[in-house]
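Me: Let us go through this structure by question and answer. Please keep the replies short.

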Amino acid sequence: MTATPLPGGTWTLGDLTVTRFGYGAMQLAGPGVMGPPADRDGALAVLRAVVESGITHIDTADAYGPHVTNELIREALRPYPPELHLVTKVGAHRDADGGWPPARDPESLRRAVHDDLGRLGLDVLDVVNLRLGNALGPVPGSVAEAFGTLVELQRQGLIRHLGVSNVTPEQVVEAQSIAPIVCVQNAYNLAHRDDDELIDGLASQGVAYVPFFPLGGFAPLQAAELSAVADRLGATPMSVALAWLLRRSPNILLIPGTRSLAHLRENIAGAALVLSDEDLADLDKIGR
Ligand SMILES: NC(=O)c1ccc[n+]([C@@H]2O[C@H](COP(=O)([O-])OP(=O)(O)OC[C@H]3O[C@@H](n4cnc5c(N)ncnc54)[C@H](OP(=O)(O)O)[C@@H]3O)[C@@H](O)[C@H]2O)c1
């Protein structure tokens, strides 16, 4: 794959420039995000193609596998190109059933950051998101103790920039009252737009919004309006969904996940799709 300019251009996370078109590594682990991938060489090839395509933002977490995606990233990409930035998240363990029990006490968070550093083979993590809430979404409550622990690790020089994930708008405000954040990573896509107001507020502050499940996650996006727009444009629904996110707000960064080289290529090309006012109006009807 040759690097041509990626759709959406770039964004800065603090002092780090990243392509708005990034890559989410979660799907590279085995079924249920547990264990190794069925096609290990294929997973390594996807990661190498991500970097060859010019993408400079990869989202990962030591909980994926657990450890699997971080180890694949290290094997495929180290020594890392200087322009590549790895964004990790901490705040959950994995249990034997594949669950994601919270791990937000100070000791677990310190261990998680050191695990990320060790497994990725880094001295400093570029961006660490504190993941809150549960599998159903954000859960209100104070973030002070957990976020404060990450701020302490940042002061020790182990983390460059902080973010928060799976959070309510109030938790974003509380975190920002403790220390600056460069990104918020929440579930958002054409059909799940609870964060519309939050996205606009963050845009006005220059803070990135990174939607997880941009393509619907484990349940691919499906809507009659989406299919109709895709058909009209001769494109796939996934392409329309990604192009819509890039168009939605300049602070939105994409981290679509795939274990397929063909889908990676399709997503990069598809995100460049130009949507007309008519397309946008039709897509706005989804989920309303
Ligand atoms: N902060 C959090 O709590 C949290 C939670 C979940 C995820 N995340 C992050 O967000 C990233 C993105 O989320 P996600 O990967 O779960 O969901 P997603 O990007 O919405 O969707 C990924 C799914 O879409 C499929 N797909 C991708 N491109 C496709 C295409 N062109 N055509 C058809 N199917 C396509 C993939 O299957 P194939 O492999 O077959 O392409 C995969 O099953 C993750 O990788 C992870 O880094 C964060």
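Me: Which residues come nearest to the ligand?

Reply: This is a predicted model, where local features need pLDDT of at least 70, side-chain atom pairs count only at pLDDT 80 or more, and totals for chains, interfaces and linings use all residues. Residues are numbered from 1 along each chain as its sequence is written. The shell around the ligand holds 27 residues, each with its C-beta atom, placed from the backbone, within 6 Å of the ligand. Those that come nearest are Gly-24, Met-26, Leu-215, Gly-257 and Thr-258.

Me: Which helix gives the most to the shell around the ligand?

Reply: Helices here are DSSP runs of H or I, at least four residues, and strands are runs of E, at least two, numbered from the N terminus. With 3 residues, the top contributor is helix α9 (residues 261–270).

Me: What is the strand order in the open sheet?

Reply: Two strands pair if DSSP finds at least two bridges between them. The sheet has 7 strands, and the pairing is parallel. Its edge strands, β3 (23–24) and β9 (208–209), each pair on one side only. The order is β3-β4-β5-β6-β7-β8-β9.

Me: How many bridges join strand β6 to strand β7?

Reply: β6 covers residues 125–131 and β7 covers residues 159–165. Arg-131 stands opposite Ser-165 in β7. The two strands run parallel, and the number of bridges is 6.

Me: Which residues does Val-164 touch?

Reply: Contact means C-beta atoms, placed from the backbone, within 7 Å. Residues up to four places away in sequence are not counted. Val-164 touches Asn-129, Leu-130, Leu-132, Val-143, Gln-171, Val-172, Ala-175, Ile-181 and Val-184.

Key:
Contact = placed C-beta atoms within 7 Å.
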